[in-house]
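Q: I have a protein model open in front of me and would like to learn how to read it. Could you take me through its features slowly, giving the general idea before each case?

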Amino acid sequence: AKESCDAILAGYLEGLECGGRPFVLAERNTWLWQLAVNELRDPKRFWRDQETKCAPPKKPPPAALASYVRGLLPKGSTAVSVVHRSAGKGSLGRQRFLFKGEWSGGITAREAKAVVPSACVWAAGKPAVRVHYGEILEHAVRAADPALRLRGSWVIRRLAPDCSKIDLAHLPSGHDESKLLWAMGFETANIHLGSRGARARIRASLRSLPPHWLHQASKLMAQALRDDWEQWRAASR
C-alpha cells in the first residue's frame, strides 16, 4: 500500500511541477499504449462481456436524451438497440443506458450515464450541490475527447474495445502497477490544474501535510470501509 501511495503521489507532484501535460499514448507513453491494446481488447470478447452487463431497461431513457444520443452515432447506423448497463461499483443504481448499433460492418456504441453529486454529499446530510463535471472537461489539461459530451444531467461517451478503462485486476502478466499508478497521479494533477491559481494553493497545502500522509489516509479509508461493511453485514442478518 505504501509503494502504491508513493507512486501516485510522485506522479501527482511531477504533473503539478511541470504545469500538467495531456496523456498522449502513441508518441509519449508507449508503455501505457501497450497495456491499452493488450489481448483483452479483443472486440469479440469485449462485446460479449458487455452483454453480461446489460439488460432491458425497466424504464426507457428520456425521449430527448434518446434522440440526442442517436444523433451522435455515425450516420447510417442501423439496428440500434437501447439497454440498461451495469458496470463498476461507483455508479450502482444510477441510470446508465447503452445505445448500440451496426455501422459499416462493425459495432458502434454510445453510453449515457446520469451525472449525480458524490455520495459524500448524501452521507453528510448536505443539500444538493452543483456538479462541476462540465467545468472539469473544459478546463483540465487534456487532449479533448470529441465523443465525450455533457447534456444536461447526462454524460455521453463512446464505448468500444479501444476506448474503455484499464482494470488493474485484468492486466497481463509482467505489468508494472507502480507505473500505472504514477500515471493516475499525474492525470489527477492535470485535472486539479484546471482551477485557476490552483498550483500555488496546492503546493502550500502539500507543504503543511505530515510525511506519508497519503498512506495514512488510505489506511484510515480502508478501515472505515471495513467497518461500514461489517455494520451492513450485521444489519443484513
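The dialogue that follows treats the sheet, then a salt bridge, and then the largest pocket of this predicted model.

Q: How many strands form the sheet, and in what order do they lie?

A: In a regular strand the side chains alternate between the two faces of the sheet. In this predicted model, 6 strands form an open sheet, whose order is 1-2-3-4-6-5 and whose pairing is antiparallel. Strand 1 and strand 5, the latter spanning 149–151, are the edge strands, and each of them pairs on one side only. Helix 5, made of residues 63–72, packs on this sheet, where it touches strand 2, strand 3, strand 4, strand 5 and strand 6, and its direction makes about 25 degrees with that of strand 6.

Q: Which residues are partners where strand 1 meets strand 2?

A: Begin at residues 54–55, which make up strand 1, and follow the 2 bridges that join them to strand 2, residues 78–85, running antiparallel. C54 has R85 of strand 2 as its bridge partner, while A55 stands opposite H84 of strand 2.

Q: How many bridges do I find as I move on from strand 2 to strand 3, and from strand 3 to strand 4?

A: Strand 2 pairs with strand 3, residues 96–103, over 5 bridges in the antiparallel sense, and S81 has K100 of strand 3 as its bridge partner. On the way to strand 4, the antiparallel pairing of strand 3 and strand 4 takes in 8 bridges. K100 is a useful residue to follow here, since after being the partner of S81 it also stands opposite A109 in strand 4. The hairpin of strand 3 and strand 4 has 2 residues between the strands, and in this hairpin S104 takes a positive phi near 50 degrees.

Q: What joins strand 4 to strand 6, and strand 6 to strand 5?

A: Strand 4 and strand 6 run antiparallel and are joined by 5 bridges, with R158 of strand 6 as the bridge partner of R110. Strand 5 then pairs with strand 6 over 3 bridges, again in the antiparallel sense, and there R149 has I156 of strand 6 as its bridge partner. The hairpin of strand 5 and strand 6 has 2 residues between the strands, and G152 in this hairpin takes a positive phi near 65 degrees.

Q: Which parts does the salt bridge of E111 and R96 tie together?

A: Side chains of opposite charge can pair when their charged atoms come close. The whole structure holds 7 salt bridges, and in one of them the side chains of E111 and R96 meet at 2.7 Å, N to O. Since E111 lies in strand 4 and R96 in strand 3, the pair ties together parts that are 15 residues apart in sequence.

Q: Where is the centre of the largest pocket, and which residues are closest to it?

A: Rolling a probe the size of a water molecule over the atoms shows where empty space is left. The largest pocket holds about 2,100 Å³ of space. It is lined by 42 residues, of which D145, L148, S164, K165 and E187 are the closest to its centre. Among the elements that give two or more residues to this lining are helix 3 (30–36), helix 7 (133–139) and strand 6 (154–158).

Q: Which element gives the most to that lining, and what classes of residue are found in it?

A: Helix 8 gives the most to the lining of the largest pocket, contributing 6 residues. Sorted by class, the lining consists of 29 nonpolar, 2 polar and 11 charged residues.

Notes. Residues are numbered from 1 along each chain as its sequence is written. This is a predicted model: local features need pLDDT of at least 70, side-chain atom pairs count only at pLDDT 80 or more; totals for chains, interfaces and linings use all residues. Side-chain values use heavy atoms; hydrogens and water are left out. On a 1 Å grid over the protein atoms alone, a cavity is a set of points where a 1.4 Å probe fits but cannot get out, and a pocket is an open set with protein on both sides within 12 Å along at least five of seven lines; lining residues have an atom within 4 Å of a point. Grid points are joined across faces, edges and corners, and a volume is the space filled by probe spheres set on the points. Helices (H or I, at least four residues) and strands (E, at least two) are DSSP runs, numbered from the N terminus. Ala, Val, Leu, Ile, Met, Phe, Trp, Tyr, Cys and Pro count as nonpolar, Asp, Glu, Lys and Arg as charged, and the others, Gly among them, as polar. Two strands pair if DSSP finds at least two bridges between them. Contact means heavy atoms within 4.5 Å. Axes are lines fitted to C-alpha atoms, for helices over the stretch in contact, and angles run from 0 to 180 degrees between N-to-C directions. A salt bridge is a side-chain nitrogen of Lys or Arg within 4 Å of a carboxyl oxygen of Asp or Glu.
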